Amino acid sequence: MVGTMALLPPFIRPTRTARDVPCPAAGLPADDEVLLDVPDEHLGTALVAAAQGAYGPAADLLAATRRRARWEDRDRYATRLAAFARSRSEWLDAWRAAAPQDPDALLLAAQLAVDRAWPSPARAELLREVSPLITAAARADDRDPVPWRIALDHARGSRAGHRYFGELWEAAVRRAPHHYGCHVAALRYLASCWHGSHRECFDFADLAAQDAPAGSLVQALPLRAAFAYLTDGCGSEVPRVRLDAAADRAIALSAGFPAAAPWPAEIRNLLACVLVHLDRREDALVQLRLIGPYATSFPWDRLSDDPLGLFLTLRRDLGAAPPAPPVRPSRRTRGERGGRDH
């Protein structure tokens, strides 16, 4: 773990194990009720079946998202199913053997190939070898933007140039102009190319959010830019008013989601983290109540090797500690852990 506690204001730096202390704030579930990365009921059914070697529920789930053009759900489900297949791939192997041209099986195969190549020191070389899988997934259903999100991640990992990335980006937004996953992939590509140039990343994120509908997840893109800035150790200063505006936009987005629901949990976890860094404690506590029992690995795994423990510590100390004087957030980075934020 690198610099974990330096990233957080003093009032939430733990002195005891979070699980040993009951949660004191009203409106928050007890510590032992909080779970990490809980799938919704549809994904949960598919994961249980995959653990038993059956791919049918996963196939039905992804086919439904494609049929109904629910691209955000499709991206989220594909990411989680591919993550499961990294350690248990028998069900996916059987699926691909039974239906080698199935668009949904091809999508998972492409995501899995990128995930497996990403941690390697030879990432760029390995990723170039998986290009045919991504191409096959993209051709399997021309409407689907999710293979193009995978292609954007692939381009970043293989150090593709701006012109090629721009062509991929145009193809992605032509299929789904406000697809959140593609926008996150583009933001991360810009951050890696313009390392430390957070203003350019904010410009991209703000413009995308302004163009997106009010309930679109792209409204949270400036929040991603704010988190990157607050946890990065380089680059020019971003005005505080711009950071607050990103948080306020995400607060408005969060207000439109149902409380204590698993699918908007990652946005709310990220929002709570940024609000803590900005010392907006009351706003952060509101988001913690909306999160309920649904902690997510991201963003806490960027700050600690124990994301659930850090989340529980934050809940305890944010609810119990008296107001502290404003603290300027430290800006250090733990580095990337994978092809995408999960």
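Buried means under 20% relative accessible area. Keep that cut-off in mind for this tour of a predicted model.

**Stop 1: R316 and D317**

Select R316. Its relative accessibility is 6%, so R316 counts as buried. Now add D317. At 12% relative accessibility, D317 counts as buried too. Show both side chains. They meet in a salt bridge, 2.7 Å from N to O.

Before moving on, highlight six more residues: R66, R74, D104, D141, R143 and D144. Salt bridges that share partners join these six into one network. Across the structure, the count of salt bridges is 21.

**Stop 2: D142 and R175**

Select D142 and R175 next. Their side chains form a salt bridge, with 2.7 Å between N and O. Where does each partner of the pair lie? D142 is in the loop between α7 (131-140) and α8 (146-157). R175 belongs to helix α9, residues 162-175. The two are 33 residues apart, and the pair links distant parts of the chain.

Stay on D142 for a moment. Is D142 buried or exposed? D142 has a relative accessible area of 51%, and exposed means over 50%, so D142 is exposed.

**Stop 3: D248 and R280**

Go to D248 and R280. Here the side chains meet in a salt bridge of 2.6 Å, N to O. D248 sits in helix α13, residues 240-255. R280 is in the loop between α14 (265-277) and α15 (281-291). The pair therefore ties together parts that are 32 residues apart in sequence.

Colour the two by accessibility. D248 is partly exposed, because its relative accessible area is 39%. R280 is buried, because its relative accessibility is 16%.

**Stop 4: L190**

Finish at L190. Show helix α10, residues 180-193, and find L190 within it. L190 has a relative accessibility of 13%, so it counts as buried.

What does L190 touch, leaving out residues up to four places away in sequence? Select C201 and F204: L190 touches both. Then draw a C-alpha to C-alpha distance from L190 to E200. The viewer should give 8.1 Å. L190 and E200 are ten residues apart in sequence.

**Selections to keep**

- R316 with D317: a salt bridge of 2.7 Å, N to O.
- D142 with R175: a salt bridge of 2.7 Å, N to O.
- D248 with R280: a salt bridge of 2.6 Å, N to O.
- L190 with C201 and F204: contacts made by L190.

Definitions and conventions: Residues are numbered from 1 along each chain as its sequence is written. This is a predicted model: local features need pLDDT of at least 70, side-chain atom pairs count only at pLDDT 80 or more; totals for chains, interfaces and linings use all residues. Side-chain values use heavy atoms; hydrogens and water are left out. Helices (H or I, at least four residues) and strands (E, at least two) are DSSP runs, numbered from the N terminus. Buried means under 20% relative accessible area, exposed over 50%, partly exposed in between (1.4 Å probe, protein chains only). Contact means heavy atoms within 4.5 Å. A salt bridge is a side-chain nitrogen of Lys or Arg within 4 Å of a carboxyl oxygen of Asp or Glu.
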